[in-house]
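This report offers a reader new to this structure a guided account of selected features. The sequence and the model are shown below.

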Amino acid sequence: MKKLLVLLCAMSLAAFLSACTSAEETSKEGEKEQENVLANQEITPEITATPTVKPSPTTKPTATPKPTATPATPYADAAIATSIPGKYTSQRKDENVGRIEAITYNSYNYCSNPEEVTTKNAYVYLPYGYSEDKQYNVLYLMHGIGGNENEWGMKNDSSRVKIIMDNLIFNGDIEPFIVVTPNGKSGTPSDGQQSYDAFYCFGQELRNDLIPYIESHYSTYGAYNEEGYDLTEARAHRAMAGLSMGGMQTINIGLCECLDILSYFGAFSAAPTSYEDTKIAGIVKDKMEYDIKYFYNVCGVKDSTAYWSASAAAKNLPSVSDRFVDGENFMWMERSGGHDFSIWYLGFYNFAQLVFTK
């Protein structure tokens with residue numbers, strides 16, 4: 001039996017790596033793809049399914065939900081979009097814009113040599129009016145298997161993430177928060193298998209190095225102390241989300257490994273090797289002292305790379321765990337689309353309005 005399980009796991013990983021051979025090349029062209037997406041004022045994938053949310057108490061349930069739905073309180077003011085309105089994808093030319101900073105911090109090669117110090121790069125979005133006199137929530141936004149800290153394009157004023165954040169803040173849809181796009185591989189591996197393995201070790205870097213760096217250099221809710229501090233105290237003010245492999249990390253590492261230091265989670269087309277729903281349910285059942293404020297999921301139904309893994313991980317979670325309540329702290333959303341930025345930007349746009357509201 002054990003041999004069979006090992007064989008199945010090996011086959012699953014091999015299939016994933018094979019499927020991602022082209023994804024590696026696609027991701028390297030991420031900036032060009034983002035420019036193409038940015039050229040369109042609205043991202044509008046074809047509607048094939050809707051967010052699975054409960055109707056509000058004043059709305060009579062119907063057999064066929066409307067394409068656009070609004071989750072129940074306390075998220076009643078967060079309209080879940082099936083496309084991004086044009087006013088949120090247009091770059092602002094006034095002074096009501098945030099800024100992006102490039103940072104470097106020290107970490108370790110946790111997968112291969114935990115004693116070896118390595119330098120990591122990341123980008124930080126600071127909202128308009130950022131002030132050391134205020135405290136800010138932080139979202140850690142992860143990339144895919146072939147990418148790095150550049151894949152979300154959050155490095156200059158034409159960044160889609162920055163443009164969406166600037167407009168959400170300007171229009172009063174969200175409270176300003178910080179966004180961090182790190183390199184999601186522990187250490188800086190460049191060789192084949194170690195490069196993939198490094199994704200699964202990132203939780204140690206997140207906990208030990210990246211979060212402490214952000215909270216020692218920026219005005220957050222974390223009470224940083226160079227001699228060590230309790231990261232659980234500010235968990236309600238941290239979120240993690242990601243595309244593809246970053247969605248896997250959000251599930252396996254964020255939700256299942258780091259629930260004590262994070263409380264909001266967003267998985268966009270979660271990649272193969274994501275834990276399945278029953279495993280997730282078993283892990284979070286043993287962590288009842290930490291609430292799950294929200295878990296948002298989106299995936300394209302034409303996504304041949306990740307639809308099966310994303311749906312196996314999250315689609316039916318409320319039916320196997322009472323820690324996830326559809327319409328209250330959980331959403332599964334399907335769109336007609338593939339494994340691409342039209343899905344991932346939509347995911348970011350929706351998730352940005354769900355985090356830090358509870």
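In this predicted model, the residues of helix α6 that are buried are Met-245, Gly-246, Gly-247, Met-248, Gln-249, Thr-250, Ile-251, Asn-252, Ile-253, Gly-254 and Leu-255. Because 11 of the 11 residues of α6 are buried, this helix is largely enclosed by the rest of the structure. Helix α6 lies across the strands β3 (138-142), β5 (238-243), β6 and β7. Relative to β5, helix α6 runs at about 145°.

**The sheet and its helices**

The strands just named belong to an open sheet of eight strands with mixed pairing. The order of the strands is β1-β2-β4-β3-β5-β6-β7-β8. Which strands stand at the edges? They are β1 and β8 (330-335); each has a single partner strand, so one side of each is left without a neighbour in the sheet. On average, and with direction ignored, neighbouring strands of this sheet are turned by 20° against each other.

Within the sheet, β6 (residues 264-268) and β7 (residues 294-300) run parallel and are joined by five bridges. Ala-267 has Asn-297 in β7 as its bridge partner. Helix α8 (residues 307-315) also packs on the sheet, where it touches β7 and β8. The direction of α8 makes about 155° with that of β8.

**Two serine residues**

Helix α8 contains Ser-309. With a relative accessibility of 3%, Ser-309 counts as buried, because the limit for a buried residue is under 20%. A polar atom of the Ser-309 side chain lies 2.8 Å from the backbone oxygen of Ala-270. When neighbours within four places in sequence are left aside, Ser-309 is in contact with Ala-270, Ala-271 and Pro-272. Ala-270 therefore appears both in the list of contacts of Ser-309 and, through its backbone oxygen, opposite the polar side-chain atom of Ser-309, at a distance within the 3.5 Å limit for a polar contact.

Ser-321 is found in the loop between α9 (317-320) and β8. Ser-321 is buried, with a relative accessible area of 7%. Not counting residues up to four places away in sequence, Ser-321 touches Ala-281 and Val-284.

**Cysteine residues and the disulfide**

How many disulfides does the model contain? The count comes to one disulfide, and Cys-111 and Cys-201 are the residues that it joins, with a distance of 1.8 Å from S to S. The angle about the S-S bond is 100°, and the link is right-handed. This pair connects distant parts of the chain, with the two positions 90 residues apart in numbering. Cys-111 lies in the loop between β1 (99-109) and β2 (113-126), whereas Cys-201 lies in the loop between α4 (192-200) and α5 (202-217). The table lists relative accessible areas for these two residues and for two further cysteines.

| Residue | Relative accessible area | Class |
|---|---|---|
| Cys-111 | 31% | partly exposed |
| Cys-201 | 15% | buried |
| Cys-256 | 6% | buried |
| Cys-299 | 0% | buried |

The disulfide thus joins a partly exposed residue, Cys-111, to a buried one, Cys-201.

**Aromatic pairs**

Across the whole structure, a search finds 21 aromatic pairs. One of them is formed by Tyr-224 and Tyr-229, whose ring centres are 5.5 Å apart. The planes of these two rings stand at 75°, so the pair is edge-to-face. Tyr-224 is partly exposed, with a relative accessible area of 36%, while Tyr-229, at 18% relative accessibility, counts as buried.

A further pair is that of Phe-268 and Tyr-296, with ring centres 6.3 Å apart and planes at 70°, so this pair is edge-to-face as well. Phe-268 is in strand β6 and Tyr-296 is in strand β7; they are 28 residues apart, and the pair links distant parts of the chain. Are these two residues buried or exposed? Both Phe-268 and Tyr-296 are buried. Phe-268 and Tyr-296 also belong to a cluster linked by ring pairs, which includes Trp-152, Phe-341, Trp-344, Tyr-345, Phe-348 and Phe-351.

Definitions and conventions:
Residues numbered from 1 in each chain as written. Predicted model: local features only at pLDDT ≥ 70, side-chain atom pairs only at ≥ 80, totals over all residues. Heavy atoms only, no water. Buried < 20%, exposed > 50% of the residue type's maximum accessible area, 1.4 Å probe, protein only. Helix = DSSP H or I, 4+ residues; strand = E, 2+ residues; numbered from the N terminus. Disulfide = S-S within 2.5 Å. Pairing = 2+ DSSP bridges. Axes fitted to C-alpha atoms, helices over the stretch in contact; angles between N-to-C directions. Contact = heavy atoms within 4.5 Å. Polar contact = N/O pair within 3.5 Å; in protein donor to acceptor, adjacent residues only side chain to side chain. Phe/Tyr/Trp six-rings, centres within 6.5 Å; stacked < 30°, edge-to-face > 60°.
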